[in-house]
Structures are given as structure tokens and as C-alpha cells.
Amino acid sequence: MIIYLYGRDIYRLRRKLNEIIEGYKKINKSATNVKELDLKEKKYQDFKEIIASESLFNEKKLIIFKNVFFNKDFQADFLERIEKFANSKDLLVFCEQEQDCKGAFFSAIKKYGKSQEFKLLSSSQLKIWLEKAFGSRGGKIEPDAVSALISRVGNDLWRMENEIIKLVNFKRNQVIT
């Protein structure tokens, strides 16, 4: 199976990737077959060796690829065998951050696998995300405080999460105004 995660919202992309990894680890208790390949440094041959290796515990492999757009040779070799990989028991996850995903490789991945784009949140989506984030941590925040927080932090969800944690801990069981 092939999964393609991409977009400018690195926070939510990383969360989704972690969700996939945790799901894999629940099913495959030993989790010895989780591999990460940065294709700026690695080649198709490195991937081929991993995919060809036999698992000690007969587990499927989880291979995470980063920076695939920096390696045109890898793309060409992968596309030649994409149907085989799409029907494989192994899980192949491609992650591209802040990349404009176009071209033959991206089209093939969308055809043979699943893809999810993580765009930056709009201001209305960011407000909803913020309210849920506060609620999940047991905090409450007034709408004016949401707007003020967004105007100060912007769309950086990593920083926003840190600010939420600080505010919830500071205001314990009180509404943030």
C-alpha cells in the first residue's frame, strides 16, 4: 500500500505520520520493520535492499520516504514497479513538506495509492482547531481571546500548541480571556 502525505502544514502532516506509525506498532508488536529513507542521501538500491529483506517475525514493513522530489532517479525506478508496490503487503509512506506536488510521479502515486494534502488552515478553520485543542486539554477560551491568540501567533501550529499548553497550565480550570 502506498500513502502520500504532503503540504505546507507540517504540524498536521507530522501528526498524521505519527498516527500511521503508532497504528503500525499496535498491529506489529516488535516494530522492527519501521525504516525511514531520506532520498536526498539514499538511492533506489537502498530501498530495494530493505524491501527484499525477509522479516524475522513475518511482519509487513513500514517504509517512510522523505525528499522524493530531490531524487529523480528514485522516482523513475519506483514508477517502473509502482503497481507491484501498490499491491504489496508493505506500507510505503511518502512525506513531502512545503512541496508543490505535480508531475508524473505525483499523478502515479495518487492513482495507485492514497494521498492527503495538509494545507495551512484558514482563519475560520484555525479558530475551530484552537477551540478543539483547548477543549482536549481541559481548557476554555473566549472568542476574543481566540482572535487575539491567532493575531499574535498566526498559523504556526507548533508554536500555537506550546502557547495553548502554557495558557491551560497557567489558568487551571478558568476561562482564558
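Select asparagine 173, which sits in the loop between helix 8 and strand 7. In this predicted model, asparagine 173 is exposed, with a relative accessible area of 79%. Its phi is near 60 degrees, a positive value in a residue other than glycine. Most residues other than glycine have a negative phi.

**Into strand 7**

Move along to isoleucine 176, part of strand 7 (residues 175–176). Is isoleucine 176 buried or exposed? Its relative accessibility is 6%, so isoleucine 176 counts as buried. Show its neighbours next. Leaving aside residues up to four places away in sequence, isoleucine 176 touches Phe134, Lys140, Ile141, Glu142, Ala145, Leu167, Val168 and Lys171. Pick glutamate 142 from that list. Glutamate 142 and isoleucine 176 are 34 residues apart in sequence, and their C-alpha atoms are 6.2 Å apart in space.

**Helix 7**

Another contact of isoleucine 176 is Ala145, which leads to helix 7. Select residues 143–153 to display this helix. Its buried residues are Ala145, Val146, Leu149, Ile150 and Val153. Where do they lie around the axis of helix 7? They cover an arc of only 135 degrees, which puts them on the same side of the helix. An α-helix has 3.6 residues a turn, so residues three or four places apart point the same way.

Now turn the view to the face directed away from the buried side of helix 7. Here are the exposed residues Pro143, Asp144, Ser151 and Arg152. Turn back and add what covers the buried residues of helix 7: the cover includes helix 6 (123–136), strand 6 (140–141), helix 8 (157–170) and strand 7. Just after helix 7, select glycine 154, which takes a positive phi of about 80 degrees.

**Helix 3**

Go to helix 3, residues 72–80. Which residues of helix 3 are buried? They are Phe74, Gln75 and Phe78. Around the axis they span an arc of only 100 degrees, which places them on the same side of helix 3. Lys72, Asp73 and Glu80 are exposed on the other side of helix 3.

Colour the partners of the buried residues of helix 3. These residues pack against strand 1 (2–7), helix 2, strand 3, helix 4, strand 4 and helix 5 (104–112).

Before leaving this part, select asparagine 67, in the loop between strand 3 and helix 3. Asparagine 67 has a positive phi of about 60 degrees although it is not a glycine. With a relative accessibility of 19%, asparagine 67 counts as buried, because the cut-off for buried is under 20%. Compare asparagine 173, visited at the start, where a positive phi near 60 degrees goes with an exposed residue.

**Helix 2**

Helix 2 is one of the elements packed against the buried residues of helix 3. Select residues 44–52 to see helix 2, and then mark its buried residues: Tyr44, Phe47, Ile50 and Ile51. Seen down the axis of helix 2, these residues fall within an arc of 120 degrees, so they line one face of the helix. What covers them includes strand 2 (34–38), strand 3 (62–66), helix 3, helix 4 (82–86) and strand 4 (91–97).

**Aspartate 90**

Ile51 of helix 2 is in contact with aspartate 90, so select that residue next. Aspartate 90 has its place in the loop between helix 4 and strand 4. Its relative accessibility is 6%, so aspartate 90 counts as buried. Apart from residues up to four places away in sequence, aspartate 90 touches Met1, Ile51, Lys60 and Lys61. Then select lysine 43, which is 47 residues from aspartate 90 along the chain; their C-alpha atoms are separated by 19 Å.

**The whole protein**

Zoom out and show everything. The protein has 8 helices and 7 strands. How far does the C-alpha trace span along its principal axes? The spans are about 55 × 35 × 25 Å. The radius of gyration is 20 Å, whereas a compact globule of 177 residues would have one near 16 Å.

Colour by accessibility: buried residues make up 41% of the 177 residues. The accessible surface comes to about 10600 Å², with 48% belonging to carbon and sulfur atoms. Next, colour the charges. There are 34 positive and 25 negative charges, and their mean positions are 4 Å apart. Last, display contacts between residues at least 6 apart in sequence: 79% of these join residues at least 24 apart.

Notes. Residues numbered from 1 in each chain as written. Predicted model: local features only at pLDDT ≥ 70, side-chain atom pairs only at ≥ 80, totals over all residues. Heavy atoms only, no water. Buried < 20%, exposed > 50% of the residue type's maximum accessible area, 1.4 Å probe, protein only. Helix = DSSP H or I, 4+ residues; strand = E, 2+ residues; numbered from the N terminus. Arc of directions from axis to C-beta. Contact = heavy atoms within 4.5 Å. Rg over C-alpha atoms; globule rule 2.2 N^0.38 Å. Areas by Shrake-Rupley, 256 points an atom, 1.4 Å probe, with all protein chains shown as cover. Lys, Arg positive; Asp, Glu negative; His and termini not counted. Charge placed at Lys NZ, Arg CZ, Asp CG, Glu CD.
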